[in-house]
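Follow the strands first, then a buried side chain, then a pocket. Keep the sequence beside you as you read.

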Amino acid sequence: EHARALAQRHEVVVLAPRAVRAPDFGLYRLTAEVEDGLQTLRVLYRRPRVRALGMVCQIAGMLAAVARLRRGGFRPDVVHAHVYSAGLPALVIGRLSGAAVVVTEHYTGFQRGLIRGSDLLTARLAFTGADLVAPVSTELAARLHELAPRARIRVLPNVVDTEVFKPVRSESHPGPARPERDGGPKRLLTVGSLAPKKGHAHLLDALAGLRGRRDVRLDVVGEGELHGELAARAQRLGLAETVRFRGELTKEDVADLMRAADLFVLASLYENLPCVLIEAMASGLPVVATRVGGVPELIGPEAGLLVDPGDPEALAAAIAGALGRHFDSDQIARNARARYSYEAVAEQWTAVYDELVSSSGSTSWATRRRRASSR
């Protein structure tokens, strides 16, 4: 979504690496296609048992991809990596290309204490070496500053496709932003991988304790390791008629469900700035979510209610309270568009790119220190 947003103003090429164990090629293999309107080079690279050797294979493949691009007349002004593990390859490409290097970070592993050992060293080197580190929330920015105090950090948010995620109302379909139904059950929606960190078990427990739950239906979108366990839990709690597990859906299908729902619920134990909440808001859908990571930076009282994670009783009370309250869906959607649309986020990044390209042209805190000392 970031790449598609930026492609409205810039020439964007995507390098997408993927590790392969026991491949039928040497160090790497390149493929080149146009995907979603973007020139995309996929770098399949060998993943040996020693992870450091895997990084060597990845960098070799990505450098070969950049060399192919240069032969075609493309030379990057900015190398923009997503997540710390892509930072070191981005730094190598940036050094050799004379390009500025940016690392966007949105991994919940920093919040969950999963960044240790060699991963911690990789993250510190990537963040310190980049021209800019861009966590998606203020909460995550504080964690990254502790890890890499010399890094230049600026919060820049996730992005939403507001041509897909939008309220019912449009120029061709005037009317209320949300559907008005006479009677029938209230429709709840949650979207996310069926993994422990998403807190689905607490959401099911909350529904079981919700008064009048016969008037509520929950659609669960997503797949993952807990599918069977969660389905069995729903059955055991007497929620077989209340909960539907919808599996993986396209973003267009998710957008349709959001437009038809009355409330979006996210019971996560860990998050940064979840795109799914931005999508719900862009659809004009009020939210009940847990107070974790950057979620409080997203959800104000005009857009929904927040509760502490891992508390089914509080979650049930918030769901009941939200269903009984009027939210201005038009205002929720307008606020999301103003902050997180392709246009809004591309404008912020364009200003950042212009600043970096005009002031540096190479990477790292050392470059900035030399520049400062020469003044």
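Val191 stands opposite Val221 in β8. This is a predicted model, where local features need pLDDT of at least 70, side-chain atom pairs count only at pLDDT 80 or more, and totals for chains, interfaces and linings use all residues. Residues are numbered from 1 along each chain as its sequence is written, and side-chain values use heavy atoms, with hydrogens and water left out.

Stay with β8. Strand β7 covers residues 186-191 and pairs with β8 in the parallel sense, over six bridges. Strands pair if DSSP finds at least two bridges between them. Strands are DSSP runs of E with at least two residues, helices are runs of H or I with at least four, and both are numbered from the N terminus. Another bridge partner in β8 is Val216, which is matched with Lys186.

On to strand β9, residues 243-247. Four bridges join β9 to β8, and the two run parallel. Here Val220 has Phe245 of β9 as its bridge partner. Between β8 and β9 the chain passes through helix α8 (residues 227-236), and this β-α-β crossover is right-handed. Right-handed means that, with the strands pointing away from the viewer, the path from the first strand over the helix to the second runs clockwise.

How enclosed is β8 by the rest of the structure? Five of its six residues (216-221) are buried, so β8 is largely enclosed. Buried means under 20% relative accessible area, with a 1.4 Å probe and protein chains only.

Now return to β7. Strand β10 (residues 263-266) runs parallel to β7, and two bridges join them. Leu188 stands opposite Leu263 in β10.

Next, look at helix α9, residues 251-260, which holds Arg259. Arg259 has 17% relative accessibility, so it counts as buried. A polar atom of the Arg259 side chain lies 3.1 Å from the backbone oxygen of Lys166.

Last comes the second largest pocket, with about 610 Å³ of space. A pocket is an open set of points on a 1 Å grid over the protein atoms alone, with protein on both sides within 12 Å along at least five of seven lines; lining residues have an atom within 4 Å of a point. Its volume is the space filled by probe spheres set on the points, which are joined across faces, edges and corners. The second largest pocket is lined by 24 residues, and Gly192, Lys198, Pro274, Cys275 and Val276 lie nearest its centre. Helices α9 and α10 (275-282) are the elements that give two or more residues to this lining. α10 gives the most, with three residues.

Note on methods. Buried < 20%, exposed > 50% of the residue type's maximum accessible area, 1.4 Å probe, protein only. Polar contact = N/O pair within 3.5 Å; in protein donor to acceptor, adjacent residues only side chain to side chain. 1 Å grid on protein atoms, 1.4 Å probe; cavity = no way out; pocket = protein on both sides within 12 Å on 5 of 7 lines; lining within 4 Å.
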